[in-house]
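Reader: I have not seen this one before. Can you walk me through it?

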Amino acid sequence: MSLVEVDLGVASTMELVNAIAAIAHELAGRTAPESPAACMELAETLAAATDQQESALAELIGRVDASGEMRRWGLPSTQAWLRSRLGMRESRAKERITLARQRHRLPRVAELLATGELAYGHASTVADAVARLDDEDCAAAEKVLLDMVDQGFSAGKVASFGRRIRDVIAERDGTESVDEDSQRGYQRSWITSTRSLDGGRYVKGWLNAEDAAVWDGTLGPLAKPAGTDDRRDLPERTAAALNSVLAGGHRATKVTVICDLDTLTGGTAPARLTDGTPIPAEQARRIALNAGASPLLLGRGHVPLYLGHRTRFATPGQRQVLETLYPTCAVRGCEVPGTLCEVDHVGGWAIGGPTDIDQLALCCGWHNRFKHTDAEQVRIVRDATGRYVYRVLPPPDANAPPTELAQAA
């Protein structure tokens with residue numbers, strides 16, 4: 001048994017976290033008391049303490065999320081960090097990210113959670129309910145939902161009200177209005193988009209029959225489950241499919257960037273679009289990494305050397321083989337389905353990597369660009385099946401002792 005001594009008044013955040021970890025390790029090895037009544041009481045006390053720890057965890061996650069620190073470690077998102085480094089399930093990671101991002105808009109919820117007067121289940125439910133509301137409705141929703149908690153409603157009941165909280169507020173205030181679909185009619189398609197405080201974007205709209213057919217034909221195939229391990233629901237898969245199309249990772253893109261080979265391999269001469277619009281050299285190199293771009297390479301005297309395919313040089317047959325070999329991104333731990341990934345030249349096409357099937361892999365758009373900009377952090381090996389596996393190394397300053405990294409905490 002180890003001895004844990006800590007002065008709560010002067011201890012740093014790091015010292016408190018280490019003390020909690022030591023106590024949790026010791027507690028996990030203990031046998032539960034024989035008395036069921038005692039177990040019930042201890043479980044309730046431990047659960048309340050765990051909820052308060054969730055408050056501290058939410059603040060830590062929020063700081064990482066806002067700073068983008070996880071990207072220095074080769075992780076494209078906070079969600080990916082929580083899944084791969086903290087071992088959280090998809091739903092659990094999303095729940096904690098939502099709470100971390102909404103805490104500043106829910107001052108009363110944050111206070112009650114930190115003091116142990118509100119269960120984590122209720123706090124996360126309220127955070128999820130207000131995530132799609134503006135600030136004014138958010139304040140009203142916090143009060144309505146906390147009133148329900150005070151009345152003894154379960155987290156499940158609060159969640160069911162939370163799903164229609166905007167309507168609840170409108171009914172209470174007498175501000176119900178005719179929905180936009182009815183106001184606009186159904187002949188013309190429309191989309192509205194507003195930015196949220198955390199940098200996200202709310203999207204709402206209506207597509208008429210013709211535009212809906214284009215939507216279904218383009219996104220439908222991309223939004224299919226990637227396999228039996230794909231736990232995303234249809235809205236999540238649809239969002240990923242739409243992002244793939246907008247980012248150029250689909251086969252219908254018709255963007256051609258004209259540049260000299262010297263520009264693509266590190267020169268400074270600007271590239272241009274077919275309409276003459278100039279593109280800075282560095283941006284042109286980034287565009288060339290995009291699976292939806294079609295670079296027209298020019299040699300000396302501006303003689304066309306090669307017009308790349310819209311799937312970044314790889315033929316449709318090669319892409320089909322790669323999607324069979326790579327059900328997900330080649331980066332270890334990345335779960336982006338291979339069908340939404342870009343074709344990557346393992347050795348770097350710009351520096352001479354051939355477009356041969358044994359020199360190609362599938363890489364999600366984020367990691368494809370990370371590999372290009374932070375090549376020193378990526379190690380590539382081939383496994384026993386012949387597939388390439390990309391392993392992301394910690395950033396250079398990650399070797400500093402933890403106590404130094406958290407000294408300011």
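Author: What follows is a short talk through the overall make-up, one helix and some side-chain pairs.
Author: This is a predicted model, in which local features need pLDDT of at least 70, side-chain atom pairs count only at pLDDT 80 or more, and totals for chains, interfaces and linings use all residues. Residues are numbered from 1 along each chain as its sequence is written, and side-chain values use heavy atoms, with hydrogens and water left out.

Reader: How many helices and strands does the protein have?

Author: There are 18 helices and 11 strands. Helices (H or I, at least four residues) and strands (E, at least two) are DSSP runs, numbered from the N terminus.

Reader: What share of the residues is buried?

Author: Of the 409 residues, 36% are buried. Buried means under 20% relative accessible area, exposed means over 50%, and partly exposed is in between (1.4 Å probe, protein chains only).

Reader: And how much area does the protein expose?

Author: About 24200 Å², with carbon and sulfur atoms supplying 55% of it. The areas come from the Shrake-Rupley method with a 1.4 Å probe, and for residues only the protein chains shown count as cover.

Reader: Pick one helix. Which residues of H17 are buried?

Author: H17 covers residues 365-373, and its buried residues are Gly365, His367, Asn368, Phe370 and Lys371.

Reader: What covers them?

Author: The cover includes helix H3 (69-72) and strands E8 (342-345), E9 (360-363), E10 (378-382) and E11 (388-392). This is counted by contact, meaning heavy atoms within 4.5 Å.

Reader: How many aromatic pairs are there?

Author: The count is 1 aromatic pair. The rings of tryptophan 366 and phenylalanine 370 have centres 5.3 Å apart and planes at 15°, so they are stacked. The rule takes rings of Phe, Tyr and Trp (its six-membered ring) with centres within 6.5 Å; planes under 30 degrees apart are stacked, over 60 edge-to-face, and the rest tilted.

Reader: Where do those two residues lie?

Author: Both are in helix H17, 4 residues apart, about one turn of the helix. Tryptophan 366 is partly exposed at 28% relative accessible area, whereas phenylalanine 370 is buried at 5%.

Reader: Now charges. How many salt bridges does the structure hold?

Author: It holds 14 salt bridges. A salt bridge here is a side-chain nitrogen of Lys or Arg within 4 Å of a carboxyl oxygen of Asp or Glu.

Reader: Which residue does aspartate 344 pair with?

Author: Aspartate 344 forms a salt bridge with lysine 371, with the closest N and O atoms 3.2 Å apart. The pair links distant parts of the chain, since aspartate 344 is in strand E8 and lysine 371 in helix H17, 27 residues apart.

Reader: Are the two buried or exposed?

Author: Aspartate 344 is buried at 2% relative accessibility, and lysine 371 is buried at 12%.

Reader: What about lysine 143?

Author: Lysine 143 forms a salt bridge with aspartate 147, at 3.3 Å between the closest N and O atoms. Both lie in helix H8 (residues 135-150), 4 residues apart. Lysine 143 counts as exposed at 52% relative accessibility, and aspartate 147 as partly exposed at 32%.

Reader: Last one. Which ring does arginine 382 lie over?

Author: Arginine 382 lies over the face of tyrosine 388, 4.4 Å from the ring centre. The rule asks for NZ of Lys or CZ of Arg within 6 Å of the ring centre and within 35 degrees of the ring normal.
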